[in-house]
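Welcome, and please have the sequence and the model open beside you. The notes that follow walk through a few charged pairs, a strand and a helix.

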Amino acid sequence: MTNHFPQGVDASRSTTDRVHDGFWLLQTRVALLVMLAETTIVMGYLAATPHGAHRLAIWIIASSCVALGMVSLFVVVPIQAARTWRVSFSLAWSVATCIVIASATALDGSVSSPLRSLLVVPVAFAGLMFPPASVAITASTAIAAASLVSATDPHIGSEWSGLLIDFSVLIGIAAISFAVSLGRTRLQCETDRLTKELADRATIDELTGCLTRRAFDEQGEAEVARSIRYGRPLAYIMMDVDNLKGINDTGGHSAGDRALASIGQTLRQMSRAGDIVGRFGGDEFAILLPDGDPEGMVDLARRIRRQLSSSERDLPTLSYGGATLQDKASSLVVLREDADSALYEAKGSGRDRIVVHCADSVNNVAL
């Protein structure tokens, strides 16, 4: 079965997710604070024009916006934590803002009201934060709301020149917001791709597809801690390629690289999905087997041996040293030292074999 590296793959994803979460959280808070500031200014406008039309209704709308904004500001964290809702929430808020602004404008005197200029704010904000489709929805709502307010005003004839400028500004901002969103989305996709590529290069050995030593150690430390905590067995195999130098001498380093690549692929294929396979550089590999035992290590070594010998390429054999997690091996370092000592014995005993240290017993098996 092909070996998987869930922790290594999740490393780049979790980092990217944290960046995205922080972006949405900050931008949503800023949007709510801007909305509250605008509503406060509108209230000041209402206070300065107490004899205007429909003042009570507009006061109710403004007060409701403040109340909803304050509630959203304090509950925004759990909303943003649910990633499936953050775009929907922000888009719904922006569309609702366009409708509220249009309603207040219609009540205040339609096209003659200065409140109509506020319609550009949700559109501009959408361009800074939303994906292109959401920007288009927000902009379309704002333009449709402005058109409806203008069409229902009987005094539109005297305001047509100002309306022309307002619509030009609104449509221009909508176009710019869409272009900004499109460019930002493409840039973000490329950034995410590069982030994942860098993370993969830091965790996956390019030649063999196995984990790098640093990534192996990180996952191995976590596995050792888990095994100690829950009292579960853990096995560790160190392995070394037999006579890789001879392959390099006769076929060149490219032949050696091809052999290492085939060996790495075989190790990952023969390991279980939960096993951790790493390359320590040169011709040295390691496999950490959760719930592994001496018999399982010998069986794995034999399966790897059969797979390598059945290959069409003339692949070298491996020497193996195995160890299990004991009371004295309370860390990955001690476990590795025990397995390395067993590997040294395997190489000294003729190679192409596995030596397993388990408690006070030593098992030396020719493959």
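## A buried salt bridge

Let us begin with Arg55: at 8% relative accessibility, this residue falls under the 20% limit and so counts as buried. Please keep in mind that the model is predicted. Arg55 has a charged partner, Asp108, and the closest N and O atoms of this salt bridge lie 2.7 Å apart. The two residues come from distant parts of the chain, 53 residues apart, with Asp108 in helix α3 (residues 83-108) and Arg55 in helix α2 (residues 55-81). Asp108 is also classed as buried, because its relative accessibility is 10%.

## Charged pairs around helix α7

How many salt bridges are there by this rule? The count comes to 15. One of them is formed by the side chains of Glu218 and Arg214, at 3.5 Å from N to O. These two residues sit four apart in helix α7 (residues 213-230), so about one helical turn separates them. Glu218, at 48% relative accessibility, counts as partly exposed, while Arg214, at 64%, counts as exposed.

Helix α7 also takes part in a link to another helix. Asp217 forms a salt bridge with Arg336, and here the closest N and O atoms are 2.2 Å apart. The pair joins distant parts of the chain: Asp217 belongs to α7 and Arg336 to helix α11 (residues 332-348), 119 residues apart. Arg336 is buried, with a relative accessible area of 12%. Elsewhere, Glu190, Arg193 and Glu197 are joined into one network by salt bridges that share partners.

## An arginine without a salt bridge

Side chains of opposite charge can pair when their charged atoms come close. What, then, is the nearest side chain of opposite charge to Arg268? It is Asp205, 8.3 Å away, and Arg268 has no salt bridge although it is buried. The side chain of Arg268 does reach the backbone oxygen of Thr208, at 3.2 Å.

## Helix α9 and its surroundings

Arg268 has its place in helix α9. This helix covers residues 253-270, 18 residues in total, and spans 26 Å from its first C-alpha to its last, close to the 26 Å expected at 1.5 Å a residue. Its buried residues include Ala255, Gly256, Ala259, Leu260 and Ile263, and also Leu267, Arg268 and Met270.

Which elements do the buried residues of α9 pack against? Two are helices, α8 (244-251) and α10 (294-309). The others are the strands β1 (234-241), β2 (276-279), β3 (284-290) and β4 (318-324).

## Strand β4, covered on both faces

The last of these strands deserves a closer look. Seven of the seven residues of β4 are buried, so the strand is largely enclosed by the rest of the structure. On one side lie Leu318, Tyr320, Gly322 and Thr324, and on the other Ser319, Gly321 and Ala323; both faces are covered.

Strand β4 has pairing partners too. With β1 the pairing is antiparallel and runs over seven bridges; among the bridge partners, Met238 is matched with Gly321 of β4. With strand β5 (residues 353-358) the pairing is parallel, and four bridges join the two. In this second pairing, Tyr320 has Ile354 of β5 as its bridge partner.

Note on methods. Residues are numbered from 1 along each chain as its sequence is written. This is a predicted model: local features need pLDDT of at least 70, side-chain atom pairs count only at pLDDT 80 or more; totals for chains, interfaces and linings use all residues. Side-chain values use heavy atoms; hydrogens and water are left out. The expected span of a helix is 1.5 Å times one less than its number of residues. Buried means under 20% relative accessible area, exposed over 50%, partly exposed in between (1.4 Å probe, protein chains only). Contact means heavy atoms within 4.5 Å. Two strands pair if DSSP finds at least two bridges between them. Lys and Arg count as positive and Asp and Glu as negative; His and the chain ends are not counted. A salt bridge is a side-chain nitrogen of Lys or Arg within 4 Å of a carboxyl oxygen of Asp or Glu. A polar contact is a pair of N or O atoms within 3.5 Å; within protein, one must be able to donate a hydrogen and the other to accept it, and residues adjacent in sequence count only if both atoms are side-chain atoms.
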